[in-house]
Amino acid sequence: TILNPDTLISDLALLAGKTEGRLVDENKFGSYYEIAGALHGPLGIRLRVRTIWMTERLSGITKFVTLIPIETLR
């Protein structure tokens with residue numbers, strides 16, 4: 001929920017740390033990678049997601065861009 005964003009941030013970092021990204025696009029700003037996996041909610045519901053990350057061409061810094069839900073698994 002909006003009251004516990006640190007949990008989501010931590011879960012996204014874990015997902016990114018254990019799964020290699022797949023290059024999906026490149027442009028003058030950088031390279032875009034997709035990482036798919038499951039996030040586990042506090043009520044025991046798993047949500048399969050696709051996340052998009054961007055590595056900036058100028059700074060080399062990788063940043064989270066967006067999360068796209070795929071489906072809920074119970």
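Biologist: Which residues does tryptophan 53 touch, not counting those up to four places away in sequence?
Modeller: Contact means heavy atoms within 4.5 Å. Neighbours up to four places away in sequence are left out. Tryptophan 53 then touches Leu12, Ala16, Ser31, Tyr32, Tyr33, Ile35, Thr62, Lys63, Phe64 and Val65.

Biologist: At which pLDDT do side-chain atom pairs count in this predicted model?
Modeller: Residues are numbered from 1 along each chain as its sequence is written, and side-chain values use heavy atoms, with hydrogens and water left out. This is a predicted model: totals for chains, interfaces and linings use all residues, local features need pLDDT of at least 70, and side-chain atom pairs count only at pLDDT 80 or more.

Biologist: Which pattern does the protein chain follow along the sequence?
Modeller: Helices (H or I, at least four residues) and strands (E, at least two) are DSSP runs, numbered from the N terminus. The protein chain has one helix and four strands. Read along the sequence, the pattern is α-β-β-β-β.

Biologist: Which residues form the largest nonpolar core?
Modeller: A nonpolar core is a set of buried Ala, Val, Leu, Ile, Met, Phe, Trp, Tyr and Cys residues joined through side-chain atoms within 4.5 Å. Buried means under 20% relative accessible area, exposed over 50%, partly exposed in between (1.4 Å probe, protein chains only). The largest core has six residues: Leu12, Leu15, Ile35, Leu39, Val49 and Trp53.

Biologist: Which elements each supply at least two residues of this core?
Modeller: One is a helix, H1, spanning 5–18. The full set, each with at least two core residues, is H1, S2 and S3.

Biologist: How many bridges join S2 to S3?
Modeller: Two strands pair if DSSP finds at least two bridges between them. S2 and S3 run antiparallel. One pairing sets alanine 36 opposite arginine 50 in S3. The bridges from S2 to S3 number 11.

Biologist: In the hairpin of S2 and S3, which residue takes a positive phi?
Modeller: This hairpin has five residues between the strands. The phi in question is near 85°. It belongs to glycine 44.

Biologist: How many bridges join strand S1 to strand S2?
Modeller: S1 covers residues 22–27 and S2 covers residues 30–40. A hairpin of two residues joins them. Aspartate 25 has tyrosine 32 as its bridge partner in S2. The strands run antiparallel, and their bridges number five.

Biologist: Which residue in S2 stands opposite arginine 22?
Modeller: The residue lies in strand S2. Arginine 22 is also among its contacts beyond four places in sequence. The residue is glutamate 34.

Biologist: Is glutamate 34 buried or exposed?
Modeller: The side chain of glutamate 34 makes a polar contact with the side chain of arginine 50 (2.7 Å). A polar contact is a pair of N or O atoms within 3.5 Å; within protein, one must be able to donate a hydrogen and the other to accept it, and residues adjacent in sequence count only if both atoms are side-chain atoms. Because its relative accessible area is 13%, glutamate 34 is buried.

Biologist: With which side chain does serine 31 make a polar contact?
Modeller: Serine 31 sits in strand S2. At 11% relative accessibility, it counts as buried. Beyond four places in sequence, it is in contact with Leu23, Asp25, Glu26, Trp53, Met54 and Thr55. The side-chain polar contact, at 3.1 Å, is with glutamate 26.

Biologist: With which side chain does threonine 55 make a polar contact?
Modeller: Threonine 55 is in strand S3, residues 46–56. Beyond four places in sequence, its contacts include Phe29, Ser31 and Tyr33. Its side-chain polar contact, at 2.8 Å, is with threonine 62.

Biologist: How far apart in space are threonine 55 and arginine 22, C-alpha to C-alpha?
Modeller: In sequence, threonine 55 and arginine 22 are 33 residues apart. In space, C-alpha to C-alpha, the distance is 12 Å.

Biologist: What share of the 74 residues in the protein chain is buried?
Modeller: The C-alpha atoms fill a box of roughly 40 × 25 × 20 Å along the principal axes. Among contacts between residues at least 6 apart in sequence, 28% join residues at least 24 apart. Of the 74 residues, the buried share is 18%.
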